[in-house]
Amino acid sequence: EEYEEYAVNEYSDISEKRFPKAIIVGVRKCGTRALLQFCGLHPQIVHAEREIHFFNDKENFQKGTTWYRQQMPLSLPSQVTMEKTPGYFISADAPNRLKELMNKGYIDNSIKGARKMITHKIILVVRDPVDRIVSSWAQILENRVKKGLPPPSETLEDRILNRGGRVNRHHSAVRTSIYLKWYRNWHRLFRGRILVIDANELVEYPWKSVQKVEDFLELPNLVDESEFYFNSTRGFYCMNNGKGPGRPKCLNKSKGREHPPISTNLRKKLKQFFYIYNNAFFKKINQDFGWNR
Ligand code: A3P
């Protein structure tokens with residue numbers, strides 16, 4: 001069997017759709033779109049525009065790897081393809097399916113059925129779990145307004161605290177924020193090939209986060225502070241020269257929503273609830289992003 005290392009195909013300098021080498025697997029509402037978009041400033045990084053949902057969706061997965069590759073943008077052999085699907089992080093199937101494909105290689109018909117081996121790299125953005133929950137709640141509220149629905153009769157507190165006033169760990173937003181639980185699944189299979197990005201750093205110094213990705217992907221450092229300007233209306237950094245369709249400079253308006261206020265009681269309960277998980281997570285990744293301080 002003929003094996004070929006991805007991206008070192010020296011025979012062709014042609015533009016074609018290639019499998020992603022780096023995947024932003026999550027976490028929802030932590031800045032996954034910003035990171036993907038900003039990585040796209042690098043001339044050697046191309047990325048799928050939309051979320052692909054290949055490894056976490058049974059129907060999509062059954063469409064096969066050729067379908068998956070077709071979802072990617074055209075690239076040159078010297079470029080790295082990326083995709084982001086935050087649903088992968090909390091999917092029990094995604095890490096296993098990805099690993100299986102990585103071990104087997106992909107059949108690539110364009111090179112006469114040869115298998116392509118790809119050493120996938122995993123990128124994860126994480127944010128204070130409490131902020132992530134509130135961000136997700138802000139999204140729910142906004143979507144209701146968009147659909148012309150009245151505001152929900154329940155508060156976030158009603159939804160997240162159970163009758164005894166304790167945090168309901170089975171609530172989906174709470175479950176997603178227990179990063180340690182999901183991270184273990186990825187770490188088991190992709191140890192040494194996971195980059196964890198701090199959402200606060202991404203907001204405050206996006207170029208630093210992109211530089212971490214460049215190093216992680218062994219690409220030259222080409223994206224620096226000069227690529228960004230602070231947009232005070234948005235309250236976020238935007239790009240001086242946006243890339244992609246329409247060349248947007250700032251992220252879509254749905255990114256960086258105003259957060260609704262939450263009760264002091266709920267905030268305190270959530271802080272207490274996540275304290276242990278956060279500490280254990282920081283220990284596991286050998287970094288501390290300061291959410292417990
Ligand atoms: P908020 O809407 O809660 O502020 P995702 O793309 O994973 O859904 O993450 C959305 C979050 O990206 C936003 O959450 C926002 O805080 C964050 N973000 C980080 N950098 C940003 C930027 N430069 N512009 C807009 N949003 C940014």
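**Close-up 1. The shell around the ligand in this predicted model.** Count the residues surrounding the ligand and you get 18, with T32, R33, A34, S135 and F236 the closest. Four elements each give two or more residues to this shell: α1 (32-39), α5 (129-146), α9 (199-204) and β12 (236-239). Helix α1 chips in the largest share, three residues. As for chemistry, the shell splits into nine nonpolar residues, five charged and four polar.

**Close-up 2. The ligand and the two domains.** Domain 1 takes in 3-126 plus 181-239, while domain 2 is made of 130-178 plus 255-285. Both of them hand residues to the shell, so the ligand sits between the two.

**Close-up 3. Helix α8, end to end.** This helix covers residues 179-190, 12 in total. At 1.5 Å a residue it should span 16 Å, and its end C-alpha atoms are indeed 16 Å apart, so expectation and model agree. After the helix comes G192, with a positive phi near 85°.

**Close-up 4. The buried face of α8.** Which residues of α8 are buried? They are Y179, W182, Y183 and W186. Looking down the helix axis, these buried residues fall within an arc of 100°, so they line one face. The spacing fits a simple rule: an α-helix has 3.6 residues a turn, so residues three or four places apart point the same way.

**Close-up 5. What the buried residues of α8 pack against.** Their partners include three strands, β3 (22-26), β9 (121-126) and β10 (194-198). On the helical side, they pack against α4 (94-104), α7 (172-177) and α11 (264-285).

Definitions and conventions. Residues are numbered from 1 along each chain as its sequence is written. This is a predicted model: local features need pLDDT of at least 70, side-chain atom pairs count only at pLDDT 80 or more; totals for chains, interfaces and linings use all residues. A residue is near a molecule or strand if its C-beta atom, placed from the backbone, lies within 6 Å of it. Ala, Val, Leu, Ile, Met, Phe, Trp, Tyr, Cys and Pro count as nonpolar, Asp, Glu, Lys and Arg as charged, and the others, Gly among them, as polar. Domain bounds come from an automatic or database domain assignment. The expected span of a helix is 1.5 Å times one less than its number of residues. A residue is buried if 20 or more other C-beta atoms lie within 10 Å of its own, exposed if 12 or fewer, and partly exposed in between; C-beta atoms are placed from the backbone. The arc is that of the directions from the helix axis to the C-beta atoms. Two residues are in contact if their C-beta atoms, placed from the backbone, lie within 7 Å.
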